[in-house]
Amino acid sequence: MRLRGAIISVLVFGATILVNAKSKPCQQVQKEHGIVCRCTASYCDTLEPLGTVTGGKAVIYTTSRSGKRMERSELKSKSSSTTKTKIHVNTTQTYQKIMGFGAAFTDAAGMNLKTLPQEMQDLIIEQYFSEDGLGYVFGRVPMASTDFSTHEYSYDDVQFDFSLDNFNLTTEDFEYKIPFIKKAMAASGNKLQLFGTPWSSPGWMKTSGRMVGAGRLLGDENGKYYQTWAQYFVKFFEAYHAQGIEFWSLTPQNEPTTGIDPLWKWQTLYFDASMERNFIKKLLGPALAANPVTQHLKIMINDDQRINLPHWPNLILSDPMAAQYVQGIALHWYEDFIDPATVVTETHDKWPDYFLIATEACAGYFPADGPKLGAWSRAEQYANDLIKDLGNWVAAWVDWNYALDLQGGPNLAKNFVDSTIIVNATAQEYYKQPIWHVMAQFSKFIRPGSVRAGIQIIEKSVDVEGLAFLNADGTKTVVLLNKNEVLDFEIALNDVTSSDVIYEFKIQANSMVTVVYK
């Protein structure tokens, strides 16, 4: 029997939910801060496919504080509209090409997945990295331990081993990173692009003697500690290559400016911009270029806060000997409130040949208060940052941990934060936070190769913001966020090339919509 658009009533754990034959909707559970989608071994929501988009028809997806989670509907075009808030998309005005979205393969994420049955582990990876899921194409891989580990460890903790004879991957790599990276590679159709990042050198290489806490490499900048550190990178990529995993890129250091903070509570290593420049041009760049495994790796500089722009790339990229090894500029979101997103555009305008990528973000970091189950405010924080970043030339956006526990860890420094997925190991279930579906509103429909297009919002509320994109198949994607807690807004959307083809819809209070049309 064929069920076209049928609605089926299903009883799941005592709750009746409506199931569209094309997809499985969110199994809503009301938590302290709002609605989450509960997933178990027997049921988890899926995303309804876009379908074929033809002229005169638009598809709209909605995620909202009130409980909608990627709810799909269709719009028919009109030839005129009296709606005040108008959105004009101009695909003749183009900006950066989008590279894609992703998340990080931390120890903590892998540990949390391992507490669940195998089929649930596989489903989480599929729903992040497959085309039926979020379609992530980037994975950030920490080189050894981070705060989201249970202990500090490096790949060579033997003191004075300048030849790195004792370099080895660890249990964490083989248990919590490599298996899930390989599954993600397969789920993505081998489109996954990995980049490596260290939090610290081995403690014996640092002035402090420990990976955790402030410090810099011992000795002169061209001395044996710096030389050994450059070779440590090569060893890491060779070790993963031996496991059948190739990398696309790397950053020389995670948040290098934190290495000067005497109160820093987890792994770090100090570099300023001039030190990073010298390390790249004299040691790291040549070491990578000399090895067949690493010679094609792209180096991304900064990997720190927006406050470093534009002076950090200015100092490094104005040196041709360093710039020859660099392809991108990496940003974190934690201090975005200090400098406006326009400094990112300023950086692009100065260095247009280098891509910009957001490499880390998470909610609940200040104060570090862990997950807030169902909190719409955190989903909105993500959406707002994505719109600001992508609207200022950022070409890729990579989330932090893809899964954490109910406390927001494990984390050796008790730096507990939030995540798109929260695992409840005791109940053998996990919760998709509203953030997960907000990420879907972007990553599902702004595919790699799409190009940001011009957009003009007329008579808009200050609470409505959005972006437009031209996709490779000729369709257009518009993402809109309404931050108003009370008011809905009627919208009339059209392309400037077809002024008499108009789509009218409502964007609800505290919601996000994605419209795809041709």
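**Exercise 1. Determine whether S154 is buried or exposed, and describe its surroundings.**

*Solution.* Step 1. The relative accessible area of S154 is 5%. A residue counts as buried when this value is under 20%, so S154 is buried. The model is a predicted one, and the values in these exercises are computed from it.

Step 2. Locate the residue along the chain. S154 belongs to the loop that runs between β9 (138–143) and α3 (171–187).

Step 3. Examine the polar atoms. The side chains of S154 and D157 are joined by a polar contact of 2.5 Å. In addition, a polar atom of the S154 side chain lies 3.1 Å from the backbone nitrogen of D156.

Step 4. List the contacts, setting aside neighbours within four places in sequence. S154 is then in contact with A144, T170, P202, M211 and Y232.

**Exercise 2. Decide whether K177 is buried or exposed, and state what it touches.**

*Solution.* Step 1. K177 is found in helix α3.

Step 2. The relative accessibility of K177 is 0%. The cut-off for a buried residue is under 20%, and K177 therefore counts as buried.

Step 3. Consider the polar end of the side chain. A polar atom of the K177 side chain lies 3.3 Å from the backbone oxygen of A144.

Step 4. Residues up to four places away in sequence are not counted. K177 touches F105, D107, V141, P142, A144, Y153, Y155, E172 and Y240. A144 is also among the contacts of S154.

**Exercise 3. Identify the disulfides of the structure and give the handedness of each.**

*Solution.* Step 1. Recall what is sought. A disulfide is a covalent bond between the sulfur atoms of two cysteines. The structure holds two disulfides.

Step 2. Take the pair C26 and C37. Their sulfur atoms are 2.2 Å apart, and they form a disulfide. This pair links distant parts of the chain, eleven residues apart: C26 lies in the loop between β2 (15–20) and β3 (28–31), and C37 lies in strand β4 (residues 34–39). The torsion about the S-S bond is about -110 degrees, so the disulfide of C26 and C37 is left-handed.

Step 3. Take the pair C39 and C44. A disulfide joins them, with an S to S distance of 2.1 Å. The angle about the S-S bond is 50 degrees, and the link of C39 and C44 is right-handed.

Step 4. Check the burial of the cysteines. C26 has a relative accessible area of 12% and is buried. C37 is buried as well, with a value of 0%. C39 and C44 are both buried.

Step 5. Write the connectivity. Counting bonded cysteines along the chain, the pattern is 1-2, 3-4.

**Exercise 4. Test whether the length of helix α2 agrees with the expected span, and describe the position of E126.**

*Solution.* Step 1. Helix α2 (residues 118–129) has twelve residues. At 1.5 Å a residue, the helix should span 16 Å.

Step 2. The end C-alpha atoms of α2 are 17 Å apart, which agrees with the expected span.

Step 3. Sort the residues by burial. In α2, the buried residues are M120, Q121, I124, I125, Q127, Y128 and F129. E126, also in helix α2, is partly exposed at a relative accessible area of 39%.

Step 4. Relate the burial to the geometry of a helix. An α-helix has 3.6 residues a turn, so residues three or four places apart point the same way.

Step 5. Look beyond the helix. E126 and A187 are 61 residues apart in sequence, yet their C-alpha atoms are 5.7 Å apart in space. Without neighbours within four places in sequence, the contacts of E126 are G133 and A187.

**Exercise 5. State which residues of helix α8 are buried and what covers them.**

*Solution.* Step 1. In helix α8 (residues 342–350), the buried residues are V343, V344, T345, T347 and H348.

Step 2. The cover of these buried residues includes α6 (311–317), β13 (326–332), β14 (355–360) and β15 (394–401).

**Exercise 6. Assess whether the radius of gyration agrees with that of a compact globule.**

*Solution.* Step 1. For 518 residues, a compact globule would have a radius of gyration near 24 Å. The chain has 23 Å, which agrees.

Step 2. Complete the overall description. The chain comprises ten helices and 24 strands, and 61% of its 518 residues count as buried. Along the principal axes, the C-alpha atoms fill a box of roughly 70 × 50 × 40 Å.

Technical notes
Residues numbered from 1 in each chain as written. Predicted model: local features only at pLDDT ≥ 70, side-chain atom pairs only at ≥ 80, totals over all residues. Heavy atoms only, no water. Helix = DSSP H or I, 4+ residues; strand = E, 2+ residues; numbered from the N terminus. Buried < 20%, exposed > 50% of the residue type's maximum accessible area, 1.4 Å probe, protein only. Polar contact = N/O pair within 3.5 Å; in protein donor to acceptor, adjacent residues only side chain to side chain. Contact = heavy atoms within 4.5 Å. Disulfide = S-S within 2.5 Å. Rg over C-alpha atoms; globule rule 2.2 N^0.38 Å. Expected span 1.5 Å × (residues − 1).
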